[in-house]
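I opened the coordinates today to look up a few contacts and some backbone details. My notes follow in the order in which I went through them.

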Amino acid sequence: MRILLIHADFIEYTALEPAIKEPEPIDNKSERFEECLVAFCSIEKIDEEDPKGVAELAAQSIMEHANMIGVKTIVLYPYAHLSSNLASPRMAMDILKELKNSLKPLANVKSAPFGWYKSFIIKCKGHPLSELSRTILPPEKKEKKEEKTTPSKFLILMPDGKEIPIDLSRPESFLNLNIEPSLIQLIKNEAGLKEERGPPIHIKLMKRLELVDYEPASDVGHFRFYPKGLMIKESLEAFATELAVKELKALKIETPMLYRLDEPDIAEQAAKFRERDYRLKIDNREFTLRFAGDFGLFRMMKDAIMSYKQLPIRVYELSHSFRLEQSGECVGLKRLRAFTMPDIHCFCANLNQGLSEYKLLFEKYTMLTNAMEIDYAIAFRVVEEFYEKNKEWFLSLLKIVNKSALIELLPEMKHYWILKHEYQAIDSIGGNLQLVTVQLDVEDATRYGIMYIDEDGQKKGCIILHSSMGSIERWMGIVLEQAAKNQMSGRTPKLPLWLSPIQVRVIPVSSNYLDKAMEIASKISQSFIRVDVDDRDESVPRKIRDAEMEWIPYIIVLGEKEVNSGELSVRIRGEGIFKRTLDSLISEISEKLSSKPRIPLCLPMLLSMRPKFA
RNA sequence: GCCCCAGUAGCUCAGCCCGGUAGAGCGACGGUCUUGUAAACCGUUGGUCAGGGGUUCAAAGCCCCUCUGGGGCUCCA
């Protein structure tokens with residue numbers, strides 16, 4: 001907030017015409033105040049973060065000065081022209097009201113109406129202290145300190161029901177436990193134990209494999225996807241969509257990217273997000289780019305009529321979100337400013353339904369995460385009382401995944417959720433990355449007016465489950481990191497078969513076998529397997545090397561022997577060279593792919609016809 | 001966002017300390033070779049030394065600013 005303070009003999013104003021759509025209603029068009037301190041105020045964007053805090057600080061500052069010069073009357077005068085970064089009119093009005101209320105017990109407070117073009121006459125006294133300007137910033141949030149006064153407790157819960165309390169400040173309490181290495185690594189990170197770390201390996205890989213790259217012409221954290229990268233991305237998206245729509249029977253929706261900031265619920269959510277949203281101004285109206293799926297979804301569900309008979313209702317959306325993450329924090333695919341996220345929200349009638357729904361999601365996401373062939377650890381964050389009451393239920397979840405979990409017990413409810421969990425991947429340099437998350441939300445439904453009609457005909461608020469498999473881009477990063485980890489431990493680096501951009505490559509030993517190679521490739525392709533043909537004028541060893549560098553899982557070398565014998569020579573990545581008939585190879589691959597998405601090849605089948613991207 | 005480091009051919013990098021004609025390998029292009037399980041051979045091409053400014057007779061190099069990337073910190077309702 002910017003304030004211009006003027007000690008005046010008098011101020012006199014007349015409201016002429018409205019300057020905004022909904023100006024403050026007025027009783028008197030004109031008013032005059034004698035012997036007063038006039039505070040011209042501009043409420044700024046940043047004040048929206050903490051309206052009360054700002055109002056309080058401003059009141060203090062004004063009173064300090066009023067006492068010094070000994071005036072009894074304070075006139076608050078809304079004056080937009082002190083700042084170029086104004087708050088929304090609605091918020092500004094609220095904050096000014098707040099300011100007025102804070103001053104009321106301390107002085108005789110008057111205010112000029114908000115949202116009017118006004119003419120005014122002021123007579124400034126002109127003494128040294130009669131003119132003064134102040135900038136008030138929202139007070140620093142004290143959440144951290146509060147957390148310190150009521151710290152969380154941590155324990156490890158094992159699938160057999162054993163509980164091991166741990167103390168993050170004492171590494172010896174968890175370093176030597178007989179639990180999964182990935183969980184120990186997660187706890188180390190949680191405890192802030194730092195290790196020497198290089199750049200994430202996936203950055204080199206994503207470029208070398210022609211998957212994804214930076215786009216310097218865009219903002220930090222916005223990437224370009226090459227065809228091979230896009231095939232992986234689309235496979236992941238299809239997998240998420242199938243899980244939601246086919247297995248969970250979720251309703252698939254789409255909501256806008258852009259939201260008006262003069263809608264109170266949007267403004268509230270955006271303010272909580274603390275300047276980490278993209279803002280833009282069009283025709284004098286401020287917008288924010290969605291940073292989560294909740295905006296449009298909550299709006300849609302608020303308008304929906306839901307009966308208890310229909311619950312639980314699951315809603316799925318796959319959408320881009322935008323977050324203005326700190327530039328220094330955007331490294332490779334770990335954190336982006338523009339990313340793709342599949343979200344599933346479940347609307348439940350009561351806590352019981354919420355819990356069984358939670359378990360169902362847990363089961364599905366476990367299946368999904370296992371399909372990625374990565375190391376991961378699980379952490380629950382839960383209000384202590386809730387945990388104590390539902391221990392058996394927690395155990396039933398761990399039995400599904402058959403892993404121990406870190407459990408953070410929160411002494412009281414600090415967020416809108418009472419329970420959440422994360423699947424955290426461990427990357428090649430020991431860092432952890434949040435992937436899947438499910439949150440049990442007991443508050444938002446009433447806050448946002450998402451109601452269902454119960455048996456008794458009464459409207460009641462839903463229990464909402466928020467869940468996501470995490471950003472698709474981050475998943476790509478972690479799958480690459482896992483490959484790098486395998487390589488470091490002496491195994492062959494590879495992607496899961498279903499995510500490999502090229503699944504089979506056919507290498508004819510000379511151009512004489514090109515037609516035959518094409519024939520075989522098109523047969524394989526008919527089974528929805530991504531296959532290509534290396535028709536370049538290169539030596540066979542060279543083509544094999546290139547295929548291996550691309551991490552292609554199946555390489556077929558085709559020459560006279562194969563054409564005569566009818567048996568193919570198949571080089572399986574990391575395993576060796578095997579004989580297969582075409583049919584047995586196709587059925588072997590199809591079996592491995594089972595129900596995984598089959599995104600078609602979006603490149604020319606002939607290598608010679610492809611541009612090089614990296 | 002803050003502090004530190006880096007940016008030289010499409011890619012990986014040398015040259016920079018100590019100012020004096022812009023280098024290599026790979027790739028791409030052309031040719032020879034018709035090839036058997038991780039790099040055939042020969043030739044040609046390739047540069048706003050990230051951008052801008054300054055110092056200097058002379059700047060890839062020294063100084064300043066900006067951009068991009070990396071590391072660390074902070075942040076992650």
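Which residues in α7 meet which residues in α8? I kept in mind that the model is predicted. On the α7 side I listed Asp265, Ile266 and Gln269, and on the α8 side Asp294, Phe295 and Arg299. By class, the residues of this contact are two nonpolar, one polar and three charged.

**Entry: geometry of α7 and α8**

I then looked up how the two helices lie. Helix α7 covers residues 264–272 and helix α8 covers residues 294–303. Their axes come within 11 Å and cross at roughly 150°. An angle over 145 degrees counts as roughly antiparallel, so α7 is roughly antiparallel to α8. I noted the crossing of α7 and α8 as right-handed.

**Entry: α6 and α13**

Next I took helix α6 (residues 227–247) and helix α13 (residues 472–488), whose axes cross at roughly 115° and come within 10 Å. α6 is therefore roughly perpendicular to α13. α6 passes α13 in a right-handed crossing. From α6, the contact uses Gly229, Ile232, Lys233, Leu236 and Glu237. From α13, Ile472, Glu473, Trp475 and Met476 take part. I sorted the residues of the contact of α6 with α13 into five nonpolar, one polar and three charged.

**Entry: α9 and α11**

How do α9 and α11 run, roughly parallel or roughly antiparallel? Helix α9 (residues 351–370) and helix α11 (residues 391–401) pack at an angle of about 20°, and their axes are 9 Å apart. Angles under 35 degrees count as roughly parallel, so I entered α9 as roughly parallel to α11. The crossing of α9 past α11 is right-handed. α9 brings Leu355, Tyr358, Lys359, Phe362, Glu363 and Thr366 to the contact. α11 brings Trp393, Ser396, Leu397, Ile400 and Val401. The residues of the contact of α9 with α11 divide into seven nonpolar, two polar and two charged.

**Entry: around RNA strand B**

I moved on to the RNA. Which residues come nearest to RNA strand B? Out of 42 residues around the strand, they are Tyr214, Glu329, Glu560, Glu562 and Ser569. Of the atoms of RNA strand B that come within 4 Å of the protein, 45% belong to sugar and phosphate.

I also checked which elements form the surface near RNA strand B. α15 (540–549), α16 (560–565) and β28 (568–572) each give at least two residues to this surface. The largest share, six residues, is from α15. I counted the classes for the surface near RNA strand B as 14 nonpolar, 11 polar and 17 charged.

**Entry: polar atoms at the bases**

Where do protein atoms lie 2.5 Å from a base nitrogen of RNA strand B? I found a polar side-chain atom of Asp537 at that distance. For Gly328, a polar backbone atom is 3.5 Å from a base nitrogen of RNA strand B. For Lys561, a backbone N or O atom is 3.3 Å from a base oxygen of the strand.

**Entry: backbone details**

I finished with two items in loops. The peptide bond that joins Leu311 and Pro312 is cis, with omega about 0°. Pro312 sits in the loop between β15 (306–307) and β16 (313–322).

Which sign does phi have at Phe528, positive or negative? I wrote down a positive phi of about 60°, although Phe528 is not a glycine. Phe528 belongs to the loop between α14 (514–526) and β26 (531–533).

Key. Residues numbered from 1 in each chain as written. Chains lettered and ligands numbered in written order. Predicted model: local features only at pLDDT ≥ 70, side-chain atom pairs only at ≥ 80, totals over all residues. Heavy atoms only, no water. Near = heavy atom within 4 Å. Polar contact = N/O pair within 3.5 Å; in protein donor to acceptor, adjacent residues only side chain to side chain. Helix = DSSP H or I, 4+ residues; strand = E, 2+ residues; numbered from the N terminus. Nonpolar A, V, L, I, M, F, W, Y, C, P; charged D, E, K, R; others polar. Axes fitted to C-alpha atoms, helices over the stretch in contact; angles between N-to-C directions. Parallel < 35°, antiparallel > 145°, perpendicular 65-115°, else oblique. Left-handed = near helix turned anticlockwise from the far one by under 90°. Contact = heavy atoms within 4.5 Å.
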